[in-house]
Amino acid sequence: MTRICMIGCRKGGVTKTTTTVNLAFELSKQNKKVLVIDFDGQGDTTKFYGRDDAEFYIGDALLDRKFDLKKAIYPALVKGIEQEKLHIIPGKRGDIMTKLDMDMISLPRREERLKIHLEKISTEYDFIIIDTTPGTSVLGLNAVMAATEYVFPTEFKEHSLDGVETLLEHIQDVRFIDEEEIKFLVVPSKISRTARRALSYGKEYLAGRWPDNTSKTVIWERSLFTEAEFEHEPVSALKAGHVASSYYKDLAKELINNG
Ligand SMILES: Nc1ncnc2c1ncn2[C@@H]1O[C@H](COP(=O)(O)OP(=O)(O)OP(=O)(O)O)[C@@H](O)[C@H]1O
Ligand SMILES: [Mg+2]
């Protein structure tokens, strides 16, 4: 069965997009067929995968029941090469996504439109990964409703962890289910090895709160991620031998084994 993962956190800048781009790439390298959907109004994921000039975007499908979703699916470009096992439905930057969100408010089944569209194509993929924004929106609700599981990247900071708590509560409300019924993985991300207070705070919080839902993989803070962002590439495409290239490879393995 296709696993639909929403990457989310109510806090901004906690590495949702970095997680989406790198995790999806590593899953595809581990022979999984992956579709990424960019729901973030900044269009960062779309830019990473070289599709910011694409003709169609996710809004075309969400606004039009009859739109053939396949028309908005493009192979991701990594180092300029079209990826056979990694596809993307692009987002658009700025006002277009805000307008899309507003236009969707008045549509029937406004929270389920993504879910319904995905039912038509999902069997073609092992994983569908949705990058989201920190805020609340109709788009965000669509991601929550379509997802079969959730990945919450978080820094070891009070506000990031609050961002996970708030989103978890929201998912329970929207889906009318309890926390125990939600499949989710909290991923410590952009963790500094030298920030001792944050390290002990984060470790204790996760061990106390989600001992069974915290990833074993830790995504450590590394400047290679900033470089990769400048180059619009996943880290392992930029420097395969670098230690930071193993983080998302490990996370992808963990996610696959968590199936
Ligand atoms: N492991 C890491 N080490 C160092 N820097 C990182 C790491 N992961 C991500 N970053 C950097 O942190 C910044 C924020 O990451 P990212 O854009 O993925 O966050 P986000 O949660 O998607 O943000 P937003 O809420 O704005 O969508 C980026 O500049 C990114 O390059
Ligand atoms: Mg982002």
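**Exercise 1. Is L255 buried or exposed, and what is its relative accessible area?**

*Solution.* Let's begin by remembering that the model is predicted.

Step 1: Find the residue. L255 sits in helix 11, which covers residues 245-257.

Step 2: Apply the cut-off. A residue counts as buried when its relative accessible area is under 20%. L255 has a value of 2%, so L255 is buried.

Step 3: Look at the surroundings. Leaving out residues up to four places away in sequence, L255 touches R3, C5, L23, L27, F127, E149, V151 and L185.

Step 4: Pick one partner and check the spacing. L23 is 232 residues away from L255 along the chain, yet their C-alpha atoms are separated by 9.4 Å.

**Exercise 2. Work out which residues I130 contacts beyond its neighbours within four places in sequence.**

*Solution.* Step 1: Place the residue. I130 belongs to strand 5, residues 127-131.

Step 2: Check its exposure. The relative accessible area of I130 is 0%, so this isoleucine is buried.

Step 3: List the partners. I130 is in contact with I4, C5, M6, I7, I37, F39, L114 and A143. C5 is also touched by L255.

Step 4: Try a distance. Between the C-alpha atoms of I130 and I89 there are 9.6 Å, with 41 residues separating the two along the chain.

**Exercise 3. Decide how many disulfides the structure holds, then examine C5 and C9.**

*Solution.* Step 1: Count. The structure holds zero disulfides.

Step 2: Check the distance for C5. The nearest cysteine sulfur to C5 is that of C9, 16 Å away, and C5 is in no disulfide. A disulfide would need the two sulfur atoms within 2.5 Å.

Step 3: Turn to C9. C9 is in no disulfide either, and its nearest cysteine sulfur is that of C5.

Step 4: Add the exposure. C5 is buried at 0% relative accessible area, and C9 counts as buried at 1%.

**Exercise 4. Find what is unusual about the phi angles of N31 and K79.**

*Solution.* Step 1: Recall the general rule. Most residues other than glycine have a negative phi.

Step 2: Read the angles. N31 is not a glycine, but its phi is positive, about 70 degrees. K79, also not a glycine, has a positive phi of about 55 degrees.

Step 3: Locate both. N31 lies in the loop between helix 1 (16-29) and strand 2 (34-38). K79 lies in the loop between strand 3 (74-78) and strand 4 (81-89).

Step 4: Compare each with the cut-offs. Exposed means over 50%, and partly exposed falls between that and 20%. N31 has 55%, so N31 is exposed. K79 has 48%, so K79 counts as partly exposed.

**Exercise 5. Describe the chain as a whole: which radius of gyration does it have, and what would a compact globule have?**

*Solution.* Step 1: Compare the radii. A compact globule of 259 residues would have a radius of gyration near 18 Å; the chain has 17 Å, which agrees.

Step 2: Add the dimensions. The C-alpha trace spans about 55 × 45 × 35 Å along its principal axes.

Step 3: Take stock of the fold. The chain has 11 helices and eight strands, and 54% of its residues count as buried. Among contacts with a separation of 6 or more, 78% join residues 24 or more positions apart.

Step 4: Finish with the surface. About 12,200 Å² is exposed, with carbon and sulfur atoms supplying 49% of it. The mean positions of the 37 positive and 41 negative charges lie 3 Å apart.

Conventions. Residues are numbered from 1 along each chain as its sequence is written. Chains are lettered from A and ligands numbered from 1 in the order in which they are written. This is a predicted model: local features need pLDDT of at least 70, side-chain atom pairs count only at pLDDT 80 or more; totals for chains, interfaces and linings use all residues. Side-chain values use heavy atoms; hydrogens and water are left out. Helices (H or I, at least four residues) and strands (E, at least two) are DSSP runs, numbered from the N terminus. The radius of gyration is taken over C-alpha atoms; the globule rule is 2.2 Å times the number of residues to the power 0.38. Buried means under 20% relative accessible area, exposed over 50%, partly exposed in between (1.4 Å probe, protein chains only). Contact means heavy atoms within 4.5 Å. Accessible areas come from the Shrake-Rupley method with a 1.4 Å probe; for residues, only the protein chains shown count as cover. Lys and Arg count as positive and Asp and Glu as negative; His and the chain ends are not counted. The place of a charge is taken as NZ of Lys, CZ of Arg, CG of Asp or CD of Glu.
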